[in-house]
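This report describes a single protein chain, beginning with one surface residue and its surroundings and ending with the chain as a whole. Please keep the sequence and the three-dimensional view at hand while reading.

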Amino acid sequence: MLGWSVRAVATRLGLTVPTVTWLQVIGLAVGAGIVALTARHTRRAVRRRTGDLRPHEAVNRLVLGKACALVGALVAGGYVGAAISWVGALSERADDNVVRSAVAALAGAALMAAGLLLERACRTGDEPPPS
């Protein structure tokens, strides 16, 4: 809802409508990649149980995973709304904004997925599955 309303509010107030740049998309994609690599390393450390991962580090990674999952979901939703707001707009840059917003939404979804993977990687296997 918020992503969709940004363009309408800016237009009504006579402000410049914000656009999505490739830098934003790349930033989200790089963040998703870093979190995914962290999840991979965390999973290996938890499986080996060699003491490579101390308890406070595991908790930090769990919190990071949760935060990335939430932020990724919010960002993806915002960019989907932004993409929808540009559909049918009579502007030279409307098509570009739809494409960039859609790709940014995918990158946000990737960040969310990587965060969920990091959360899952912090499980030790000793606890019962959540019901």
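## A helical chain and its nonpolar patch

Ile26 has its place in helix α2. The model in which it appears is a predicted one. Ile26 counts as partly exposed because its relative accessible area is 48%, a value that falls between the 20% limit for buried residues and the 50% limit for exposed ones.

Ile26 also belongs to a nonpolar patch on the surface, together with Trp22, Val30, Ile34, Val99 and Val103. The accessible area of these residues together is about 530 Å². Two elements, α2 (22–48) and α4 (94–121), each give two or more residues to this patch. Helix α2 gives the most, with four residues.

### Two residues of helix α4

Helix α4 also holds Asn97. Is Asn97 buried or exposed? Asn97 counts as buried, because its relative accessibility is 1% and the term applies to values under 20%. Along the chain, Asn97 and Val20 are 77 residues apart, yet their C-alpha atoms are separated by 6.2 Å.

Arg100 lies in helix α4 as well. The side chains of Asn97 and Arg100 make a polar contact at 3.2 Å. Arg100 is buried but has no salt bridge. Which side chain of opposite charge is nearest to Arg100? That side chain belongs to Asp96, at 4.7 Å; a salt bridge would require a distance within 4 Å.

The table lists the contacts of these two residues, leaving aside neighbours within four places in sequence.

| Residue | In contact with |
|---|---|
| Asn97 | Thr19, Val20 and Trp86 |
| Arg100 | Val20, Thr21, Trp22 and Val25 |

Val20 is in contact with Asn97 and also with Arg100. Trp22, a member of the nonpolar patch, is among the residues in contact with Arg100.

### The chain as a whole

The protein chain contains four helices and zero strands, and its pattern along the sequence reads α-α-α-α. Of its 131 residues, 32% are buried. The accessible surface of the chain comes to about 8600 Å², and carbon and sulfur atoms account for 65% of that area.

Contacts can also be sorted by separation in sequence. Among those between residues at least 6 apart, 79% join residues at least 24 apart. The pair Asn97 and Val20, with their positions 77 residues apart along the chain, offers one example of residues in contact.

Key:
Residues are numbered from 1 along each chain as its sequence is written. This is a predicted model: local features need pLDDT of at least 70, side-chain atom pairs count only at pLDDT 80 or more; totals for chains, interfaces and linings use all residues. Side-chain values use heavy atoms; hydrogens and water are left out. Patches are made of residues with over 30% relative accessible area and no salt bridge: like charges are joined within 9 Å, nonpolar side chains (Val, Leu, Ile, Met, Phe, Trp, Tyr) within 5 Å. Accessible areas come from the Shrake-Rupley method with a 1.4 Å probe; for residues, only the protein chains shown count as cover. Buried means under 20% relative accessible area, exposed over 50%, partly exposed in between (1.4 Å probe, protein chains only). Contact means heavy atoms within 4.5 Å. A polar contact is a pair of N or O atoms within 3.5 Å; within protein, one must be able to donate a hydrogen and the other to accept it, and residues adjacent in sequence count only if both atoms are side-chain atoms. Lys and Arg count as positive and Asp and Glu as negative; His and the chain ends are not counted.
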